[in-house]
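Subject: Structure handover

Hi,

Here is the structure for you to take over. My notes on what turned up follow below it.

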Amino acid sequence: RQARRSCRCTASAAEIKEDFEIIDKKQIPNTTELKSEEKEKTEEARWSAPILSLAKKASENLALGYGNALKSAALLAGGGGGGASARYHAMEERANLMNMMKLSIKILIQSALSLGRTLDSDFPPLQQFFVVLEHCLKHGLKVKKTFIGQNKSFFGPLELVEKLCPEASDIATSVKNLPELKTAVGRGRAWLYLALMQKKLADYLKVLLDHKHLLSEFYEPDALMMEEEGAVIVGLLVGLNVIDANLCLKGEDLDSQVKIKFLLRITAVLDQKHYVEELNRHLSCTVADLQNKIDCLEKTNSKLQEELAAATDRIGSLQEEQQQLKQQNELIRERSEKSVEVTKEDTKVELDTYKQSRQGLDEMYSDIWKQLKEEKKNRLELEKELELQIGMKTEMEIAMKLLEKDTHEKQDTLVALRQQLEEVKAINLQMFHKSQNAECSLQQKTEAISSFEGKTNEMMSSMKQMEERLQHAEKARQTAEERCNKMKQELAGRLDTCRQQMSQLDSKCSTLEKELKSEKEQRQTLQKELHQEKDATTLLKTELQQMEGLKKELRKLQDEKQQLEKVCEEQEQALQEMGLHLSQSKLKMEDIKEVNKALKGHTWLKDDEATHCKQCEKEFSISRRKHHCRNCGDIFCNTCSSNELALPSYPKPVRVCDTCHTLLLQRCSSNSS
């Protein structure tokens, strides 16, 4: 009953997929040990899926082996016979060999991955692996009697592989063609070397284990290859497909190749009778403790199963949330793409309209600028004419003042002429009133002309009229200047005559009256000219006001132009930023698509499916070996896959084919640019 309970304990431990080798209470795992085991599990998660599954199977089979060991120990404690002890001894040897094989494979894989290159035949972990494998194949071999003597070699079962698997015919023919090999042991070692180089050692041994009825001719029933430990070892050998080995068979003495130090270790491990006896005594004492521990383990198993169920539920809910988030992401991406397209179209239309408006504004600006230049020229000319006329006015005022002074001086002598002067003043007042009425009528006329010009927008005709008027004004000014010069000359002559003829004033009154009449006429002409000049000044003032209005409009147009230029610059910057964001998002999408392709699209091609290189289409052989491209998953020869690059799914640089190498380099260069 105790043995059955121990077997149940081992079966439950196998279901939990953990290895328990409990000999004493001190060996029960603590919380720190459990944390370290969880770290080891996370490290093991980095391995590939098939290796991990095979390692789990191996751990299950090891747990079953420990349970069988406990059962056999209990039977021995109960007093079994000699046959039971022999079986227990064979079972112990199988367990020890399996543990040694597990250790050697683990050390070989770790050292090969850390080394990062193809392995040679002088690599110590590889030599140890072949020694352990040779002992596993030799375990339980039947002795065959021949004419020469007894023969016990593991090459006999390996020859069956050629019949069962026609792919192994190349290995068999190459082994037979080696003249240096004289014994069956050397041929068996050469066969193992070639199978490892082809990465099909596990496949060939699995074919042998599937036909155990043929193996029974070479092995005892208790042999390692006939029991479950053989299947465990084959599962462990699958992990060696990660390793690339290049083993030279020529020039090596495989017939007498023996590793003495490692054999001594194996013999020391296999020679464990004393250790087994002590272990059996100890096991008979600790069966009760194991039962209590089994109950605890069952409870923990149930708890772990509940936690597993909860975790699976959580995973399902998380997957549903992930799908919903993916759908939302797709909707958001579609909306963003649509909005980007709409904004692009709007910006294009705005740019076109802005360009058209800018062209029109530039044309208007050039026309207005030309008009401004012309008006500035006209204004300068008019200002010059005004200055000349103002100078003439000042001269006339000075002349009038001089005349008044002369009249005041002559008042004493010209008392009789006062009445005539008063009459002249009255006439002047009448003329002044008439001039005011003429000015009002002229103002009304000028207002009607300005309104008519503003409504009809005929600036050119008005400019021509102004030019004609200016020409008339210039002619009138010239005549006025001539008259002024004559007046100056006459006044100078009169002053001289007045000074000379002060005594003869009575006699020359008639001449003075005539002169006064002429002066009145000249005064009237001067007043008319003044009215004309006033009219010209009013016209010039109106034109100046129009110029100021045009200047204000020009300033407004310039401000609007600056605002439009600012808006255009901001829109161009926004467009550039949008273009940069779009290019970055496109690059990110391409990277994500490529990563998804690398994770999902590319299937890992099996070794059996490829017989020729995909690039150069040369047939694979022992010299031309197969290599997987870690990017696309296809199989190539060494020359077509000699490049190495760092990929997102691998932490270190890995082997890549030539086409993937060029594509990845181009992608890296485009991303960097």
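Start with glutamate 229. Its relative accessible area is 12%, so it is buried. Its side chain meets that of arginine 94 in a salt bridge, 3.4 Å from N to O. Arginine 94 sits in helix 4 (residues 82-115) and glutamate 229 in helix 11 (residues 228-237), so the bridge ties together parts that are 135 residues apart in sequence. Arginine 94 is buried as well, because its relative accessibility is 8%.

Keep in mind that this is a predicted model.

**The chain overall**

The protein chain has 673 residues, and buried residues make up 27% of them. It holds 18 helices and six strands. Its accessible surface comes to about 45,800 Å², with 54% of that belonging to carbon and sulfur atoms. Take the contacts with a separation of 6 or more: 70% of them are between residues 24 or more positions apart.

**Other salt bridges**

The whole structure contains 11 salt bridges. Two more are worth a look.

One of them joins glutamate 134 and lysine 138, with the closest N and O atoms 3.0 Å apart. Both residues lie in helix 5 (residues 124-138), four residues apart, which is about one turn of the helix. Residues three or four places apart in an α-helix point the same way, because there are 3.6 residues a turn. Are the two partners buried or exposed? Glutamate 134 is buried, with a relative accessible area of 8%. Lysine 138 is partly exposed, at 31%.

The other pairs glutamate 167 with lysine 200, at 2.8 Å from N to O. Glutamate 167 is in the loop between helix 6 and helix 7, and lysine 200 is in the loop between helix 8 and helix 9, so this pair links parts that are 33 residues apart in sequence. Glutamate 167 counts as partly exposed, at 36% relative accessibility. Lysine 200 has a relative accessible area of 8%, so it is buried.

There is also a network. Salt bridges with shared partners join Glu134, Lys138 and Arg189.

**Helices 6 and 7**

Which residues of helix 7 (residues 169-176) are buried? They are Ile171, Ala172, Ser174 and Val175. They cover an arc of only 165° around the axis, so they fall on the same side of helix 7. Their cover includes helix 6 (155-164), helix 8 (184-197) and helix 9 (201-210).

Helix 6 has its own buried set: Phe155, Gly156, Pro157, Leu158, Leu160 and Val161. These pack against helix 7, helix 8, helix 9 and helix 10 (212-215).

**Two positive phi angles**

Lysine 199 has a positive phi of about 60°, although it is not a glycine. It is in the loop between helix 8 and helix 9. Its relative accessible area is 13%, so lysine 199 is buried.

Glutamate 617 also has a positive phi, near 60°, and is not a glycine either. Its place is the loop between helix 17 (509-601) and strand 3 (627-628). Glutamate 617 is exposed, because its relative accessible area is 61%.

**Helices 14 and 16**

Leu361, Leu557 and Leu564 make a nonpolar surface patch of about 200 Å². Leucine 361 belongs to helix 14 (residues 287-410). It counts as partly exposed, with a relative accessibility of 32%.

Arginine 477 is in helix 16 (residues 459-500). Why does arginine 477 count as buried? Because its relative accessibility is 19%, and the cut-off for buried is under 20%. What does arginine 477 touch, leaving aside neighbours within four places in sequence? It is in contact with Leu388 and Gln389.

**The hairpin**

Strand 5 (residues 643-646) and strand 6 (residues 653-656) pair in the antiparallel sense, over four bridges. Six residues form the hairpin connection from strand 5 to strand 6. One bridge pairs alanine 646 with proline 653 of strand 6.

**Where to look**

If you open the model at one spot, try the bridge between arginine 94 and glutamate 229. Then go to the loop between helix 8 and helix 9, where lysine 199 is found and where lysine 200 also lies.

Over to you.

Notes:
Residues numbered from 1 in each chain as written. Predicted model: local features only at pLDDT ≥ 70, side-chain atom pairs only at ≥ 80, totals over all residues. Heavy atoms only, no water. Pairing = 2+ DSSP bridges. Buried < 20%, exposed > 50% of the residue type's maximum accessible area, 1.4 Å probe, protein only. Contact = heavy atoms within 4.5 Å. Areas by Shrake-Rupley, 256 points an atom, 1.4 Å probe, with all protein chains shown as cover. Arc of directions from axis to C-beta. Patch = residues over 30% accessible without salt bridge, like charges linked within 9 Å, V, L, I, M, F, W, Y side chains within 5 Å. Salt bridge = Lys/Arg side-chain N within 4 Å of Asp/Glu carboxyl O.
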